[in-house]
Amino acid sequence: MMRPCFLLIRNHLFELRTAVRHLHEQPKLKVGVIALFSLSWLAGLSWLFYAGFDFLYRLGGAAFFLVPRLFTLFFMGLGFMLMLSGAVTGYATLFQTPEVRRLLTWPVPMRDLFYYSLVKSTLMSSWAFFFIIIPFIGAFGVYREWRLLMLVWAFLISVPFVMLCSGLGVLLMLVIVRWIPRGRTLALLGVLALVFAGYSAAEYMRELKANQTEDVMVLVNFVPGLQLASYPLMPNGWMANGILAFSNEDWGTGLFYLGLLGSSVGVLFLFMARMGSWIYPETMQRQQVGSNVWAKQASFPSRFLQAGFPGKGALRAYGIKDSLIFLRDPSQWTQFLIFFGLLGLYFLNLGSLGYSELDPVWSNLIAFLNMFSLSAVMSSLSARFVFPQMSLESRTLWMVGLAPTSLGKLMLIKFSLAGVTLAIVGVTLSSLSNRMLDVSPLSLFLSRLLMPSVAFSLAGMSTGLGSMFMELGPQTPAQILSGYGGTLNLILTLLTVILVVLIPGVVSHLLISGNFVGHQMNSIPIFTSLYILSVSGLAGGIPLWLGYRTVTRRDY
Amino acid sequence: MIRVEHLQKRYGTLQAVDDLCLDVPSGELFCFLGPNGAGKTTSIKMMTGLVKPDGGSICLAGVDAMKEPVLARSQLGYIPDMPFLYERLTPMEFLLFTGDLYKMPREEVREKAPRMLEIFGMMDRAHTLNRDLSHGMRQRVIYAATLMHEPKVLLVDEPFIGLDPHSIRLIKDLLREHTTRGMTVLMTTHILAIAEEIGDRIGIIDQGKLVACGTLEELNMATPGMGKLEDLFLKLTLH
């Protein structure tokens, strides 16, 4: 008889098969957008990687020294992201999903439930990363004119690497969730232990630096993180060396690294299966009982917000409520932290890359590209968090719908809170980028106008469309987003970003490059500002007005 | 206190509520009975303003709910059959949220919120996340939040689903106590024994129409030979 974990996996495969068979029943717009986005992403990223390799190999002999180092750095970054993704997805899969809670009541042995959740979380946390790895390896292979067999081996080695990093993330999460201290004193001890671990790691890095070769040390001064990436026991190095070995048709070395990664995955999963069967039941029990079941007083964020949140009435009520729920929901703050944190780290690193000493034309161009990336992230997060808000609030209409405030006002409050939050994040990060790039006063002025405009435009569009396509009933954010309204919102917010950021970017580039003369130099910034304000105003205002009409006229 | 005249609501070809007229005076506990799909929840939702009527009028605590919906809602409390609570808020935070939403003065909210939790026996769980509370405890939080702003009219949809005997007794006593103090309560229930026990008057709705209305004695007199409310209910609603 088949083991329960295999039965559960087989069940999921059946579900996948059914989903594929019924693909034609999905909204055409949704399928079309996903297919177009995926293909454009793969093609665009492949082209960018290809251009990057072309640039490096045009440097001559230095490329043979630089490429292996950059490979290790690239895979280290990818590895850390995979670990983070593994930890977050693993937590949700192992402890938070309704499926796990349901299976706990079924006659499924705990060990099988753990194996099943482990496989599921590893797959779910890692599949998207192949959309980065495939263009990277593909572009390198095409540039180096590999044979097909070499490409196959290079892709093959990425499978254990992805599983290893994602699995390490799940393991890390499991250890933290099982042994994370609860209570104030224990939490303080935990923080002290982390500080000590950080200090030890820094000391270790200093020692490591002393043992590095001279050529690596020269590069380390230009490329942050290379020193850590070059550590020989890190799997990113095995991955990089394996691919480069296959590219040189050094089959022995390539297969050695493939074997090394494969066996490491085997050992890790065996260890996790053993350890998981041992600690998973206890950890699950710990998770089932809330940490604050017998709390004697309100938490610090709660007291802080109650005492200091500005405004009154519904605005204050929703401001406090949304802030507390955001802070207490790891799936919300981790997504914010990952996306904006990565951008913040990249902007901080601009200083060490010496971009501030570039020609103003270049620094202006990079500043606008940074604003575009920032706005694109803001648009996807507004689609994820702002669009479903009104549908999610519909569950509390028994209270909110009866409060002496209209639902139209509630919609405007949601818009204001989302707009202010996005504007704060956008202005802060773009200011960081501008500071690191030391941009011209014109770029600085346009960026200060652009980011709040984009923020309120995206908030208006997502809130308005979210109200027009409001779903009543117990829906999850994923269910709300996957409908027609969610897809339309995603497309329109991206289009807004293109219209509001890219066109002023091009105009400002032409202006700084000296393509305009005389009175145009003065009138162009004024027209650009008016363009930004009017386009963002219309893009946010029209859906907001339509949404307002919908919420005030419909039945609930 | 609740005056509903010739209320109509149609969903496509279905006449959900058909010429409903009700008059519930101040301090009365009115039980609204009817089989599933009879139009109870739609009627209540029209009274709350969540569903717009096709015709008729609704007057709550002397305020025309169609002309002055915000003022009418400020006099109203509504507890649906399966109310949603924010999982990641604590009962105390939910009460403070409600107070702000109802524009109550901050000092009053801070003084009242603990008192309401105390009344409902929830003070020791005031700072526990709602997701860690049992169904009965959640219901208590919901009652505390709804009654905090002292509504003059309370609409309750199926208040006793899934509750233990302690919670049922608590809610029954509470509804009785508040009606004694002048609050008007309109409650739907499928538990006929409870309607018999605590209802001042009983209304039976079927296929959108009010088919019977009065005190238990009046209903018994109007339909001789029907000893129990259950028999009367089945006779009037069995098709």
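How many residues of chain A are in contact with how many residues of chain B? The exercises below start there.

This is a predicted model, in which local features need pLDDT of at least 70, side-chain atom pairs count only at pLDDT 80 or more, and totals for chains, interfaces and linings use all residues. Residues are numbered from 1 along each chain as its sequence is written, while chains are lettered from A and ligands numbered from 1 in the order in which they are written.

**Exercise 1. Describe the side of chain A that touches chain B.**

Step 1. Count the residues. 33 residues of chain A are in contact with 31 residues of chain B. Contact requires C-beta atoms, placed from the backbone, within 7 Å.

Step 2. Find the helices. α13 (300-308), α14 and α18 (397-400) of chain A each give at least two residues to this side. Helices here are DSSP runs (H or I, at least four residues; strands are E, at least two), numbered from the N terminus.

Step 3. Pick out the main contributor. α14(A) has the largest share, with nine residues.

Step 4. Sort by class. The side of chain A that touches chain B has 16 nonpolar, ten polar and seven charged residues. Ala, Val, Leu, Ile, Met, Phe, Trp, Tyr, Cys and Pro count as nonpolar, Asp, Glu, Lys and Arg as charged, and the others, Gly among them, as polar.

**Exercise 2. Work out how α14(A) packs on α19(A).**

Step 1. Take the geometry. The axes of α14 (residues 313-328) and α19 (residues 407-437) of chain A come within 10 Å and cross at roughly 50°. Axes are lines fitted to C-alpha atoms, for helices over the stretch in contact, and angles run from 0 to 180 degrees between N-to-C directions.

Step 2. Name the arrangement. The angle makes α14(A) oblique to α19(A). Under 35 degrees is roughly parallel, over 145 roughly antiparallel, 65 to 115 roughly perpendicular, and the rest oblique.

Step 3. Give the hand. α14(A) passes α19(A) in a right-handed crossing. Right-handed applies if the near helix is turned clockwise from the far one by less than a right angle, left-handed if anticlockwise.

Step 4. List the partners. A:A314, A:L315, A:Y318, A:G319 and A:D322 of α14(A) meet A:K409, A:L410, A:I413 and A:L417 of α19(A). The contact has six nonpolar, one polar and two charged residues.

**Exercise 3. Set out two further helix pairs, α5(A) with α7(A) and α3(A) with α11(A).**

Step 1. Start with α5 (residues 110-126) and α7 (residues 148-179) of chain A. They pack at about 120°, with axes 9 Å apart. Their crossing is right-handed.

Step 2. Read off the contact. α5(A) brings A:L118, A:S121, A:T122, A:S125 and A:S126, and α7(A) brings A:V162, A:M163, A:S166, A:G167, A:G169 and A:V170. The classes are four nonpolar, seven polar and no charged.

Step 3. Turn to α3 (residues 62-96) of chain A and α11(A). The angle is about 135° and the axes are 8 Å apart. That makes α3(A) oblique to α11(A). α3(A) passes α11(A) in a right-handed crossing.

Step 4. Read off this contact too. Residues of α3(A) including A:F71, A:F75 and A:M76 meet residues of α11(A), among them A:M239, A:I243 and A:L244. The classes are nine nonpolar, four polar and no charged.

**Exercise 4. Place A:E145, A:E249 and A:N241.**

Step 1. Recall the background. Most residues other than glycine have a negative phi.

Step 2. Check A:E145. Its phi is positive, about 55°. A:E145 sits in the loop between α6 (130-143) and α7 of chain A. A:E145 is exposed, with 7 other C-beta atoms within 10 Å. The cut-offs are buried at 20 or more other C-beta atoms within 10 Å, exposed at 12 or fewer, and partly exposed in between, with C-beta atoms placed from the backbone.

Step 3. Check A:E249. Its phi is positive, about 60°. A:E249 lies in the loop between α11 (235-247) and α12 (251-288) of chain A. A:E249 counts as exposed, with 11 C-beta neighbours inside 10 Å.

Step 4. Check A:N241. A:N241 is in α11 of chain A. A:N241 is buried, with 21 other C-beta atoms within 10 Å. A:N241 and A:G254 are 13 residues apart in sequence and 7.4 Å apart in space, C-alpha to C-alpha.

Definitions and conventions
Contact = placed C-beta atoms within 7 Å.
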